[in-house]
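Q: I am new to protein structures and would like to learn how to read one. Could you walk me through it, one feature at a time?

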Amino acid sequence: MWVIKTFNNIQYNSIQDGDVVIFYVNELYAKYTLTEIKKCISELNEKFVVKENIFKNTINVFLAPNRKEFEYLILNILKVNIKIPTNKARIAQPQRTDLILLCPTSYDTDSIYTYDEGYYKRLLKHEMIHMFQEHLNVDMENTSRGFAEGIAVYLSKQYEYEDEFKNPVIEGVLNKKIPSIEEINNNIVLCYDWGWTIVKYIDEVYGFDTVLNIFRSCGSYDVIGFMRNDKVEFEEKWKAWLLSK
């Protein structure tokens, strides 16, 4: 199904498959994005043991043709208050059932990235994980940011391929400069850099059922307390695990 809509005096075409709609100006990445989002939903339904449509409404994905339009859509579609101009490293913003993406056609001029198919696939999965958690978690507003970013980086496998996620950990482990879990949760950069290591540790030591329980049922900043673990002991064992790697 094709529909034309106008946002900020820019005419968008759209393409839809079931419960996913892609709004775009340049069609180059529209069908590919639609296909990948559908794949993500299928994979994450299985991963998070979802047996019904949790989104209720359609998932709307906007491919903004430039950074100014990207910022406009975040402010006016998502109603998320952001500082303008946005950092060029910022190319995606999810909220409820909407996802704003900087279209890859603008990466060279409006971002720090060069388009790479694998990177783009992992980015889409990262953002869809956030959208799933927003709908599945008992209290997303108060959940741990370190866990939220950590599980998105971990399950999307960004940490395996992208230097921005793996290099800080490699350097920190080699230099034995590992931040505390408290420091990670209080620093958004550390949430991305180190959060995935906590999720990976929980998965390897406690099993994915524990990760899934946190994902769904922990509406608190205190993930370790939710697990009924001693915080000092947990952190010591997590750091020892990291150093052993």
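The dialogue below goes through strands, buried residues, backbone angles and a pocket.

Q: Before we start, what kind of model is this?

A: This is a predicted model. Keep that in mind as we go.

Q: Let us begin with a strand. How many residues of β4 are buried?

A: A useful general idea comes before the count: in a regular strand the side chains alternate between the two faces of the sheet. Now look at β4, which spans residues 59–64: six of its six residues are buried. I59, V61 and L63 lie on one side and N60, F62 and A64 on the other, and both faces are covered.

Q: Which strand pairs with β4 over five bridges in the parallel sense, and which residue stands opposite V61?

A: One such partner is β3, residues 20–24, which pairs with β4 in the parallel sense over five bridges. The residue opposite V61 is I22. To get from β3 to β4, the chain passes through helix α1 (residues 30–47), and this β-α-β crossover is left-handed. Strand β6, residues 98–102, also runs parallel to β4 and is joined to β4 by five bridges. There, L101 in β6 stands opposite L63.

Q: Now for single residues. Is E36 buried or exposed?

A: To decide, compare the relative accessible area with the cut-off: buried means under 20%. E36 has 8%, so E36 is buried. You will find E36 in helix α1. Leaving aside neighbours within four places in sequence, E36 is in contact with K121 and L124.

Q: May I try the same reasoning on E127 and S180?

A: Please do! E127 sits in helix α4, and its relative accessibility is 7%, so E127 counts as buried. Not counting residues up to four places away in sequence, E127 touches A92, P94 and L99. E127 and E149 are 22 residues apart along the chain, and their C-alpha atoms are separated by 9.7 Å. S180 belongs to the loop between α7 and α8. At 17% relative accessibility, S180 is under the cut-off and therefore counts as buried. With residues up to four places away in sequence set aside, S180 touches E235 and K239.

Q: What about the backbone: which residues does a cis peptide bond join?

A: Check the angle omega here. The cis bond joins I84 and P85, with omega about 0°. P85 lies in the loop between α2 and β5.

Q: And where is V49, and what is its phi?

A: Look at the sign of phi and at the residue type together. V49 is not a glycine, yet its phi is positive, about 55°. V49 is in the loop between α1 and β4, and with a relative accessible area of 46% it is partly exposed. R228 also has a positive phi, near 60°, in a residue other than glycine. R228 is in the loop between α11 and α12 and counts as exposed at 79% relative accessibility.

Q: Last, how do I describe a pocket? Which residues lie nearest the centre of the largest one?

A: Start with volume, then go to the lining. The largest pocket has a volume of about 1,200 Å³. Its lining has 33 residues, and Q93, R145, E149, I188 and Y192 lie nearest the centre. By class, the lining holds 16 nonpolar, eight polar and nine charged residues.

Q: Which helix gives the most to that lining?

A: It is α4, with seven residues. Elements that each supply at least two lining residues include β5, α5, α7 and α9.

Conventions:
Residues numbered from 1 in each chain as written. Predicted model: local features only at pLDDT ≥ 70, side-chain atom pairs only at ≥ 80, totals over all residues. Heavy atoms only, no water. 1 Å grid on protein atoms, 1.4 Å probe; cavity = no way out; pocket = protein on both sides within 12 Å on 5 of 7 lines; lining within 4 Å. Points joined across faces, edges and corners; volume = space filled by probe spheres on them. Helix = DSSP H or I, 4+ residues; strand = E, 2+ residues; numbered from the N terminus. Nonpolar A, V, L, I, M, F, W, Y, C, P; charged D, E, K, R; others polar. Buried < 20%, exposed > 50% of the residue type's maximum accessible area, 1.4 Å probe, protein only. Pairing = 2+ DSSP bridges. Right-handed = clockwise from strand over helix to strand, strands pointing away. Contact = heavy atoms within 4.5 Å.
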